[in-house]
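Trainee: I am new to this structure. Please walk me through its charged side chains and where they sit.

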Amino acid sequence: MSYYDEVLNEIRCAIAEGSQEEAAFLLKRELSMPYIPSEIEEQLLALQKDLRFQSSGQNEKGELSTDALLRRLKGKPESQLRAVSALCDRNLRSITGELRDWLSKDPQPEAASLLIDALAEQEVPEEFTVVRNGVEYNFFADAVTPVARSGGFREALRLIGLWLAKDPSLAEMARSILVQRCYLALPLSYEMQEGTELAKSCIQEVLVSMGLEERMDEILRNSESETQQKLS
């Protein structure tokens with residue numbers, strides 16, 4: 001089973017089980033990626049439509065009000081994920097005070113990452129503080145680089161595709177790890193020159209989990225070969 005098969009199956013199961021928050025988070029994460037195979041994108045959009053239909057009944061459009069979503073930010077982790085997934089599609093500039101307060105109170109990590117990425121995409125010109133595991137990170141949202149535009153992320157994505165071209169299932173697993181790592185790093189981002197090490201780290205994590213550690217030597221040789229070609 002490929003990475004996309006697993007993700008689609010996970011989303012379908014979450015919708016079937018009524019885990020709307022988990023399904024919304026997975027859909028938001030996958031649909032924000034700079035590259036999605038067209039046939040996969042169609043399935044993701046169809047699942048998003050199914051999820052919205054399941055969630056309907058809140059109002060005529062099947063949407064919660066902004067105030068209701070802000071209240072859900074104070075709920076359980078799953079509630080926070082769903083609320084943020086919905087808020088990311090709205091204008092965040094009018095609720096920066098509430099969002100600033102939520103971010104400062106050690107929020108659910110994935111939900112916080114999605115919100116920071118959305119604030120960066122909307123170029124909100126305000127300062128925020130996010131607290132994670134007791135550590136404070138101060139940032140101006142319009143100075144944060146969204147994951148999809150991060151130089152390090154894009155370079156790592158390219159290298160993973162290059163080095164694992166003959167193993168698409170491993171490549172998809174490595175991409176999944178890359179996406180999660182870059183989102184959870186926000187408001188920090190990876191620079192272009194960090195892309196190579198980032199790609200290696202994600203691939204190594206996949207290979208170790210699959211018991212294929214010996215493949216790393218091949219990856220490193222490919223890396224060295226490409227570096228030499230750039231220098232020559």
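**Charges and contacts**

Mentor: Arg100 and Glu126 form a salt bridge, with their closest N and O atoms 2.5 Å apart. A salt bridge here is a side-chain nitrogen of Lys or Arg within 4 Å of a carboxyl oxygen of Asp or Glu. The pair ties together parts that are 26 residues apart in sequence, because Arg100 lies in helix α6 and Glu126 in the loop between α7 and β1. This is a predicted model, where local features need pLDDT of at least 70 and side-chain atom pairs count only at pLDDT 80 or more, while totals for chains, interfaces and linings use all residues. Residues are numbered from 1 along each chain as its sequence is written, and side-chain values use heavy atoms, without hydrogens and water.

Trainee: How many salt bridges does the structure hold?

Mentor: Side chains of opposite charge can pair when their charged atoms come close. One such pair is Lys105 with Asp101, at 3.2 Å between the closest N and O atoms. The total for the structure is eight.

Trainee: Is Lys105 buried or exposed?

Mentor: Buried means under 20% relative accessible area, exposed over 50%, and partly exposed in between (1.4 Å probe, protein chains only). Its partner Asp101 is partly exposed, at 37%. Lys105 has 56% relative accessibility, so Lys105 counts as exposed.

Trainee: How many residues apart are Asp167 and Arg215?

Mentor: Their side chains meet in a salt bridge, 3.0 Å from N to O. Asp167 sits in the loop between α8 and α9, and Arg215 in helix α11 (helices are DSSP runs of H or I, at least four residues; strands are runs of E, at least two; both are numbered from the N terminus). The pair links distant parts of the chain, and the separation is 48 residues.

Trainee: Which residue is linked with Asp167 and Arg215 in a network of salt bridges?

Mentor: Asp167 is partly exposed, at 23% relative accessible area. Arg215 counts as buried, at 17%. The residue linked with both in the network is Glu218.

Trainee: Which helix gives the most to the negative patch?

Mentor: Patches use residues with over 30% relative accessible area and no salt bridge; like charges are joined within 9 Å, and nonpolar side chains (Val, Leu, Ile, Met, Phe, Trp, Tyr) within 5 Å. Asp5, Glu6, Glu10, Glu17, Glu22 and Glu78 form the negative surface patch. Glu22 is in helix α2. The helix that gives the most, with three residues, is α1.

How values were computed: Areas by Shrake-Rupley, 256 points an atom, 1.4 Å probe, with all protein chains shown as cover. Lys, Arg positive; Asp, Glu negative; His and termini not counted. Charge placed at Lys NZ, Arg CZ, Asp CG, Glu CD.
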